[in-house]
Structures are given as C-alpha cells and as structure tokens.
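Please open the model in your viewer and keep the sequence panel beside it. The tour below moves from one selection to the next and says what is found at each stop.

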Amino acid sequence: MVSIDGKEHSESLIRVRNLNKVYRRGGETIDVLQGLNLDVEKGEFVAFMGPSGSGKTTLLNLLGGLDTPTSGSVTVDGDEITHMSGRHLASWRARHVGFIFQMYNLIPVLTAFQNVELPLLLTKLSKAQRRQHVGTALTLVGLGDRMKHYPRQLSGGQEQRVAIARAIVTDPTFLLCDEPTGDLDRKAAEEILDLLTELESNHGKTILMVTHDPLAAERADMILHLDKGALVEAAEEAAAS
Amino acid sequence: MKYLPFIFRNLFRKKTRTILTIGSIAVALFLFGLLVTIETALNAGVDVAGVDRLIVRNKISLIMPLPLSYQERLRQIDHVSEATFATWFGAVYQEPKNFFPQFAIDTETYRTVFPEFKISDLEWQSFLADREGAVVGKRTAERFGWKVGDRIPLQGTIWTGTWEFNIRAIYEGSRSGDDESQFWFHWKFLEESRPWGKGTVGWYTVKIDDPDHAVTVSQTIDDRFSNSAYETSTETEQAFAAGFAKQIGNIRMLILSIGAVVLFTLLLVTGNTMAMAVRERVPELGVLKTLGFGDGTVLFLVLAESLLIATVGGALGVGLAKLFTLGGDPTGGMLPVFYLTTGKMFLGIAIAVFVGLFAGSIPALTAMNLRIVDALRRV
C-alpha cells in the first residue's frame, strides 16, 4: 500500500523520510522538495503528477540515486542510498534500478541488442548468458525480431520498447519512468502503458512513473500529486480544489 | 574486452574525423620514423664503432697524411695488438653523384682489425692475388649492379685519371649498423700508380688488447710522435665517428626540436578530437552513468578511444616509415646505413601511446566528473 504519511510500514520496499531538496541559483534558494515522505510496497505502480517545475523529476532522480538530497533519507530494500559514495551508488543503480526516459536515450551507434546488453556488461555474466538475457528481454517487449536494428531504424514506440527492455534486462528492484509516453502518439503510448501494466501485474515489478498525461496516470495503482514540494493523493487534491 | 565493440562503435560514429585524426598521427609518426632513421644513419659509425680500436690521424687535420713507417712503431707500443692503415681515394663512378667511400687498404692487416666485415676466404684470396682487385660492400654492389668479376672504371678526383679495378669480393656486415657501402683496394696499387704522396697513408686504425687501456695507449701514441714532422691525434673509433658526425651539425638537437613540435601538434589534434567526441556525447555519458557505469569505467572508455586512435595512427606511421626505409638509402650514398631500428619503432609507438593517454586525459576526466542530472538535462 502506497503511503505518504511518514508512519512506519514494515512492508515498504521504498521508504522516503523527510526529504528536502534545495537548489541555489545565484543568491536565490528554491525549495523543490520539502519534508517529503513516501512508502511504496513491492509490486506497486505509482504515478507522480504535477505542473512543470513541481519537482517530479527531482524526486525521481533522488529515488534513483542520480542526485543527492539536501536532507532526509531514501531507503530501498533496506539500503539507505543517501549516504552512499558515488562508486557504491553506481553499482547500486546497476543492480536495483531500471530507468526509462521520455526521449528513450538509446545509444545511436549500437543495435537494439547492444543497447539492451549495455547494463549486462557491468555484470559477471558470460557472453552466452548475456545473449540469452537480452533475447528474453527483447522478446518480452515484442522486439525479438528487431535485435539487429539501430535506433534510427525503429519507430518511437519501438525505441521506447528497447529502452524498457534495457531497463528490465538486469531484473532490477524497481523501475523509474520519466514521462515514458511523453514523446509518443496515443496508440504507441497505449502500447507502452500496456507493457508497463503487464510488467507490474504479470512480473511483479515495482514502477514509479512521472507523467503529465492523466490517461497514463490512470494505469497506476495510485496517483500522487506534487504540490509545494510535498506529495498529496489525487483524491485529496481534488477535494482541496 | 567486453567493452571493445562499444569502443569501436564510438570511434567510427564520425568516420571522417576519426580517419583524419588517425591520418594526422600516422603522418607525424612517419616523419618521426624518417628523422630517427637519418639520425641513426648519421651516428651509425658511432653506434657500431669498435671499443677496442683507436684511430690515429695527423694532428693538423684528417686530410693530412702520416708516414707508412709509423705502422711498425705503433705495433711496438704496449697493448697494441695490430695496426692497419687506409688512405681515402675519393673517386666517382661514371658521374659525381655516384659517390661512395673508397679506401686503399693494407691488405695484410685490414681484415684482422675489422672482423665484422664478412668475406668468403675464397674471394679474399682472389682479391689478394689481383693487384687491381677490389672488395666492395653489398649495398654498393647492389646499387650499381656490380658482381664478382666485373671490371670497374673510377674517375679519380685526388689522383686524377681513370682507375680500373676488378671486383674480386663482396663483403657483408655482421651487424645491422655496419657500413656496407665501402670499396677497398690494394694500397700498394695506389702507391705504385699515384704521382705524389708516396710513402704515406691517410690514417691508422690500431687494435688494442683491452678497451680499458684506450686512454693510456692513445696518450702513449701521441707522445711517441710529438715533436716530429707528423704529430698524431689519437682517439677511440667511437669518439672519431662522433666527431665526424658532428661536422654536419647537432643532428640530435635538430631532431629533438622537430620531434617536440610534432608531439605538441599531435597532442592538439588528438586532444581536440577527443574533446569534441566527449562534448557531443554528454547525454549518452549521462545515460551510461545512470545505467550504473562508474566514473572509472567512463574514464576508461574515453581514454581507450583516444589510446586506440593514437596507437593505430602511430603503428601505421611507424610501419610506413619502416617500409620506406626498407627501400634503402634515398640519397644515393650519403646515408649508407639507412634503416629504422626495432627499438626506434617501439619508441615511436610509445610516443603515440603517450599522446593518446595525455590528449585523452582531459576529456576523459571531464566525462568522469560529469554530473548525471546535468548530463541528462542536455538531451
């Protein structure tokens, strides 16, 4: 059960406590996140919404260990990541987080197969084992027949599928999706959302997704809005407005 | 190894730029290869000079002669095991550009003092038996297409007129730096035929029993002939060859200067290429770090690219220089020992590796220190 009240929940996979992020630009300080609390259990699908600049991507970056908070803590599966060194954080990301970006962020000079293989290069798997894992991931996203295609030879929806295969190929603890359908047409967006829903329901993946699209957010188990640096549940926000 | 395909893909994402950079490095290292070959050629005498041989020349100048009678007196000095002599002949074959060194030698002792020149006993006996006979180095024989039995006319420049010789032997050096361009004939034939300078020789080469005695023997020789009409100046063969090379100028300094300029230019070219490559790829580097590639791995990937470009370019340039030098002396006799040593080839490649590492280090450090959130913002 997703919770934002900051009370202890023994089942939490992701536990965020009193998270603050302050940016300083020139002499000005901007409080992006203020005392944010969040608990997410394994296998849940959470959508974060909010206006531009509300801190959605900042939150995602902090959850994924891409950025460090000003104060507060992020604990994933018992590991508190906020005090990890850069080296430990990199290896933690490789094992625990699958990232899916709005612009897919595939490496253009690599084929679909090689793009998906990238995170596996950091493991001790043999070449044959890597090939098997990549094959499984690409088949799961419906691109088993496009392994040798370069990103430029794929449609936007297909590129995003490759990105999803890259995110899941190491079987990470959770997936972080930053506007995964933001650059896609409706049909392709629906296909990607179907895929994410399938990953949650059939494969038990924990998914945290930032989106502007209400239709995309509806696929999640819970929609949370970021407002003035804190999270509120969608129902509460509707009542407030 | 598992990163190699990734590194290669990145290298050839801008094919033209990579090929041009490799080409620049190859040209620079080709130039380096030629420069060190010329340096080797000019110092060849120094490198292969015998440590147990002394050169005794006229104190006034190398072109002034010494009396033939000195040979016996030199042999009597302690630690001298043999003394041979030679006279510079200075003729040309057919036309002035066909220059090569010719010496009138003491046939009885020359081979003992210079054992590094290999001649078959049969050919040597044939040479001794013919007063107009000559021994020619393999390189000169190949240059003019001479073979044993040919009769060769030379135009004298010191002792004018046409001098004819019969090629009786062809020698080869036993080491790669040995001069294979010389032409030897009987000093006695010169002595009988020349109108002036009789009873003199150009210089003596003295073989000593122990290189440790070189200084004392040199001093003893010069003392022995001091206050005579023909005072001597004695030095080791190595010092003599080095002095000879220095007459042309400080080649080593010249080569070092050119080499430094080439190196600096290479650093700029390769550094610029790598800096551009990193700048263009900032978002991708951010993605790699997001996926869990550590700072060290990112540093390695960028450095490996730079290193590969420089090493391939370097190997290509040095390889081309080696191929060029295999064709032999391009000056027609001025640089008889013209080859690129294996050591210098490795030095060239080592320079390329250094350039790759140094030029790639700043872009690699930039990539390593890239903050993921900043890099991803540039998508």
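In what sense do strand E4 (residues 71-76) of chain A and E5(A) pair, and over how many bridges? Select both strands: they pair in the antiparallel sense over 2 bridges, where strands count as paired if DSSP finds at least two bridges between them, and where helices (H or I, at least four residues) and strands (E, at least two) are DSSP runs numbered from the N terminus.

Before going further, note that this is a predicted model, in which local features need pLDDT of at least 70 and side-chain atom pairs count only at pLDDT 80 or more, while totals for chains, interfaces and linings use all residues. Residues are numbered from 1 along each chain as its sequence is written, and chains are lettered from A and ligands numbered from 1 in the order in which they are written.

**Chain A: the open sheet**

Stay with the pair just selected and find A:Val76, which stands opposite A:Asp79 in E5(A). Now widen the selection to the 4 strands of the open sheet, whose order is E2-E1-E4-E5 in chain A and whose pairing is antiparallel. Strand E2 (28-41) and strand E5 (79-80) of chain A stand at the edges, each with a single partner strand, so one side of each is left without a neighbour in the sheet.

**Chain A: E3, E9 and E10**

Next select strand E3 (residues 45-49) and strand E9 (residues 222-227) of chain A, which run parallel and are joined by 4 bridges; here A:Met49 stands opposite A:His225 in E9(A). Adding strand E10 (residues 230-233) of chain A shows an antiparallel pairing with E9(A), again over 4 bridges, and A:His225 stands opposite A:Val232 in E10(A).

Between E9 and E10 of chain A, in the loop, lies A:Lys228. The hairpin has 2 residues between its strands, and phi of A:Lys228 is near 50°, a positive value in a residue other than glycine. A:Lys228 is exposed, with 11 other C-beta atoms within 10 Å; a residue is called buried if 20 or more other C-beta atoms lie within 10 Å of its own, exposed if 12 or fewer, and partly exposed in between, with C-beta atoms placed from the backbone.

Is A:Glu179 buried or exposed? Select this residue in the loop between strand E7 (174-178) and helix H6 (186-201) of chain A: A:Glu179 is buried, with 20 other C-beta atoms within 10 Å, and has a positive phi of about 50° although it is not a glycine.

**Where the chains touch**

Show both chains and select their contact, which takes 19 residues from chain A and 18 residues from chain B, two residues being in contact if their C-beta atoms, placed from the backbone, lie within 7 Å. Helix H2 (residues 86-96) of chain A gives the most to the side of chain A that touches chain B, with 6 residues.

**Chain B: overall form**

Now isolate chain B, whose secondary structure comes to 15 helices and 12 strands. The radius of gyration of chain B is 29 Å, well over the 21 Å that the globule rule gives for 379 residues, so chain B is more spread out than a compact globule; the radius is taken over C-alpha atoms, and the rule is 2.2 Å times the number of residues to the power 0.38. Along its principal axes the C-alpha trace of chain B spans about 95 × 45 × 30 Å.

**Chain B: Ile55**

Go to B:Ile55, found in strand E1 (residues 53-58) of chain B and buried, with 23 other C-beta atoms within 10 Å. Leaving aside neighbours within four places in sequence, B:Ile55 is in contact with B:Trp203, B:Thr205, B:Thr234, B:Glu235, B:Glu237 and B:Phe240.

**Chain B: helix H14**

Finally, select helix H14 (residues 342-368) of chain B, whose 27 residues should span 39 Å at 1.5 Å a residue, in agreement with end C-alpha atoms that are 37 Å apart; the expected span is 1.5 Å times one less than the number of residues. A kink of about 45° lies at B:Ser361 in H14(B), shortly before the proline B:Pro363, the bend at a residue being the angle between axes fitted to the seven residues ending there and the seven starting there. Among the buried residues of H14(B) are B:Gly348, B:Val355 and B:Pro363, and the buried residues of this helix pack against helix H2 (15-42), helix H11 (251-280), helix H12 (282-291) and helix H13 (295-326) of chain B.
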